[in-house]
Number of protein chains: 2
Amino acid sequence: MTGIYSAPTRLERHRQQFPALTNKAYFNFGGQGTLPQASLDAIQKAYEYIQQHGPFSASVNGWIIEEANQTRMAIASELGAPVETITLTEDVTVGCNIAMWGIDWQPGDHLLLTDCEHPGIVAIAQEIARRFKVEVSTCPIMDTLNQGDPTAIIAQHLQKTTRLVVLSHLLWNTGQVLPVQEIVDACRSHSTGSQMIRVLVDAAQSVGSLPLNLTELGADFYAFTGHKWWCGPEGLGGLYVRPDAIESISPTFIGWRGILPNATGKPSWKPDAQRFEVATSAYPLYAGLRAAIATHQQWGTHQERYEQICQMSEYLWQRLSQLEFVRCLCTSPPQAGLVSFVLTNGQSHQQLVQFLEQQSCMLRTIYNPNCVRACVHYFTLRQEVDQLVKEIESYQVA
Amino acid sequence: MTGIYSAPTRLERHRQQFPALTNKAYFNFGGQGTLPQASLDAIQKAYEYIQQHGPFSASVNGWIIEEANQTRMAIASELGAPVETITLTEDVTVGCNIAMWGIDWQPGDHLLLTDCEHPGIVAIAQEIARRFKVEVSTCPIMDTLNQGDPTAIIAQHLQKTTRLVVLSHLLWNTGQVLPVQEIVDACRSHSTGSQMIRVLVDAAQSVGSLPLNLTELGADFYAFTGHKWWCGPEGLGGLYVRPDAIESISPTFIGWRGILPNATGKPSWKPDAQRFEVATSAYPLYAGLRAAIATHQQWGTHQERYEQICQMSEYLWQRLSQLEFVRCLCTSPPQAGLVSFVLTNGQSHQQLVQFLEQQSCMLRTIYNPNCVRACVHYFTLRQEVDQLVKEIESYQVA
């Protein structure tokens with residue numbers, strides 16, 4: 001970034017790489033990111049490569065292994081993690097399923113969730129509870145958005161029988177960043193010699209938005225997707241499995257990708273996190289995700305992108321806070337790109353979002369807490385924020 | 001099909017829709033089918049649609065629901081099954097995992113496999129055995145390729161405690177078609193009042209090659225992929241769940257796609273087979289698979305395509321059988337498109353396949369039984385078969 005005068009021009013040039021940005025003001029990065037043209041081109045090229053040299057041939061099969069390796073390496077490098085910790089998955093939810101079903105649950109074991117987890121994750125926990133007679137409980141961290149200590153609350157809810165804590169790094173509903181490292185430390189200090197409390201992080205919102213070093217962060221499992229803040233293609237995500245946690249879970253959904261080929265007798269797992277991969281996937285997406293990550297790297301480092309996200313979310317938060325019929329959930333500037341707010345004049349959030357979509361402003365409602373969520377990325381423009389605020393004002397008048 | 005003189009011309013025109021066929025003789029449909037250009041175009045168009053109208057918006061979210069419904073309908077129609085029986089999955093192995101992990105296994109229950117199942121499926125069974133203290137056994141049907149009765153062998157291996165039989169419809173290694181309907185009947189008649197023996201079919205090789213009516217076939221679960229004989233994109237398959245079997249399994253890997261939205265308290269499953277779908281997938285592939293299915297329908301009905309496959313595999317089988325250093329595993333013409341054979345002169349199968357790939361003839365080796373597998377589709381040409389046979393002869397001389 002080369003100073004305040006040239007920066008906007010550079011950003012506008014950068015934005016031209018994202019076709020979705022040309023005809024709208026986009027605030028749904030927490031739902032799905034805008035795919036760069038380079039990703040789409042890479043996907044197309046991969047399809048053509050496969051058909052030209054295969055589709056099924058020794059040549060293409062070797063190429064797919066290399067594509068997967070390169071993709072795990074690109075991901076690992078962004079996450080500050082060794083490559084052998086990365087499992088490629090279809091989405092973040094599959095990553096959470098791998099960790100949650102991988103534990104050898106015993107009747108009476110305890111699984112702790114926060115009250116801000118995604119409904120899909122809650123459903124996994126409830127089915128595990130039913131099948132294995134596991135106790136599931138939920139701790140209230142939603143109310144710590146503006147005051148209070150989520151680590152203390154989680155620590156208070158740990159039990160002697162707790163085997164897994166599931167939490168999100170960046171809460172999808174309120175936009176709060178949880179202090180994962182501190183929470184992991186609390187879980188470690190509550191662990192007894194025989195029973196380690198493992199921590200699974202739902203990283204749907206944090207990967208691609210927060211600067212990360214998973215080795216330092218300390219979580220055992222970190223499930224993510226490429227299609228939100230990384231702006232990769234939908235249908236490709238992953239799971240980080242900490243090296244000293246890999247033997248604490250077993251593969252559940254299993255296929256040829258996770259086992260050593262041509263073993264006689266009992267199949268044996270691959271030595272690294274590839275053991276959790278299952279079978280045939282949409283391999284052309286691998287090049288698409290790498291192209292998306294490379295596009296962001298061209299603009300700046302993790303830290304630079306994160307700072308830009310925070311500048312822009314602070315601007316949006318300020319502008320929204322100035323509207324008398326809007327209340328932002330955060331009482332101080334958000335810690336990342338999610339800005340959640342409510343209408344205080346009794347108007348319907350659903351109808352506001354519908355109205356905004358008609359004006360080509362894309363936002364979404366959240367069910368719990370009942371609010372509207374706007375997401376800004378490092379390449380969001382001040383003009384887009386201004387346009388959004390103007391449209392929200394015009395809806396209030398309409 | 002309009003007679004022997006016009007047919008080749010029509011077929012040659014039809015083949016021009018498959019870019020992979022232009023530069024090779026392709027015999028790996030059992031590994032991956034050749035994607036039609038219409039599929040690639042449909043995938044590209046879907047990516048562009050999503051970026052233009054979203055990517056995440058009410059408009060695109062509604063479009064994705066419609067895309068998924070249309071895809072389930074296209075699949076259901078090809079399989080002779082009601083649309084509500086179809087779960088979309090990433091691949092056939094995920095479909096097998098859904099059924100196998102979905103059973104409420106109790107210690108002492110029995111799971112029966114055949115000795116021709118894919119290593120990934122064997123690994124699932126072994127992990128289920130370990131976790132739930134289930135007994136897994138394997139029955140020898142490989143040797144019934146040319147004589148013997150696979151139904152009788154399976155029936156002999158059923159136990160009072162058997163809860164699931166896993167078999168393939170079209171064996172991936174030897175090319176044998178198992179009499180699934182007869183086997184299902186045998187399992188039904190062995191079922192006691194309290195315990196029904198369920199049948200899971202690995203349909204990796206049968207969907208897109210055999211004419212099917214799953215309602216008549218009677219299997220409880222039928223797992224398939226779009227990317228082999230249907231020639232769709234890799235990364236999209238499905239699972240058929242017979243209506244009266246849906247309550248016999250529970251979702252294991254779980255996500256927002258399988259549960260009813262915004263339910264308060266306990267999440268509840270969607271009423272149909274969608275309950276087994278998890279979360280975000282590569283949605284653009286849906287249009288790609290439909291385009292592939294439509295491409296085949298333009299050429300002929302199921303029955304016409306199957307008959308053409310059998311004509312071509314009989315021709316390949318005859319030509320190979322005439323080579324003195326080749327023995328086909330089948331002693332009579334194959335029942336579908338898989339033609340497996342061995343070299344009787346001690347030459348390496350692996351090296352033969354490598355040599356053939358250098359000559360742009362794509363085949364593969366199989367590990368058990370140790371053989372080479374050539375697959376023909378309805379659009380395989382006699383000239384391709386002739387070329388393959390010539391190359392195999394030239395390898396023998398070389």
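In this predicted model, Trp230(B) has a relative accessible area of 1% and is therefore buried. Its aromatic partner is Phe224(B), with the ring centres 6.0 Å apart and an angle of 85° between the planes, an edge-to-face arrangement. Phe224(B) counts as buried too, because its relative accessibility is 0%.

This pair belongs to a wider set: a search of the whole structure gives 24 aromatic pairs over all chains. In chain A, Tyr26(A) and Phe29(A) are edge-to-face, because their planes meet at 85°, above the cut-off of 60, with the ring centres 5.0 Å apart. Both Tyr26(A) and Phe29(A) are buried. They take part in one aromatic cluster that also holds Phe18(A), Trp229(A), Trp299(A), Tyr378(A) and Phe379(A).

Rings also meet charged side chains here. Arg382(A) lies over the face of Tyr315(A), 4.0 Å from the ring centre. In chain B, the charged end of Arg382(B) sits over the ring of Tyr315(B), at 4.0 Å from its centre.

Turning to helix H3 of chain B, residues 58-79, its 22 residues should span 32 Å at 1.5 Å a residue, and the end C-alpha atoms are indeed 32 Å apart, so the two values agree. Among the buried residues of H3(B) are Trp63(B), Ile64(B), Ile75(B) and Leu79(B), along with Glu67(B), Arg72(B) and Glu78(B). The buried residues of this helix pack against helices H2 (37-53), H8 (214-217), H9 (284-299) and H10 (302-321) of chain B, and against strands E2 (86-89) and E7 (221-225). Just after H3(B) comes Gly80(B), with a positive phi near 65°.

Terms used:
Residues are numbered from 1 along each chain as its sequence is written. Chains are lettered from A and ligands numbered from 1 in the order in which they are written. This is a predicted model: local features need pLDDT of at least 70, side-chain atom pairs count only at pLDDT 80 or more; totals for chains, interfaces and linings use all residues. Side-chain values use heavy atoms; hydrogens and water are left out. Helices (H or I, at least four residues) and strands (E, at least two) are DSSP runs, numbered from the N terminus. The expected span of a helix is 1.5 Å times one less than its number of residues. Buried means under 20% relative accessible area, exposed over 50%, partly exposed in between (1.4 Å probe, protein chains only). Contact means heavy atoms within 4.5 Å. Rings of Phe, Tyr and Trp (its six-membered ring) pair if their centres lie within 6.5 Å; planes under 30 degrees apart count as stacked, over 60 as edge-to-face and the rest as tilted. A charge sits over a ring if NZ of Lys or CZ of Arg is within 6 Å of the ring centre and within 35 degrees of the ring normal.
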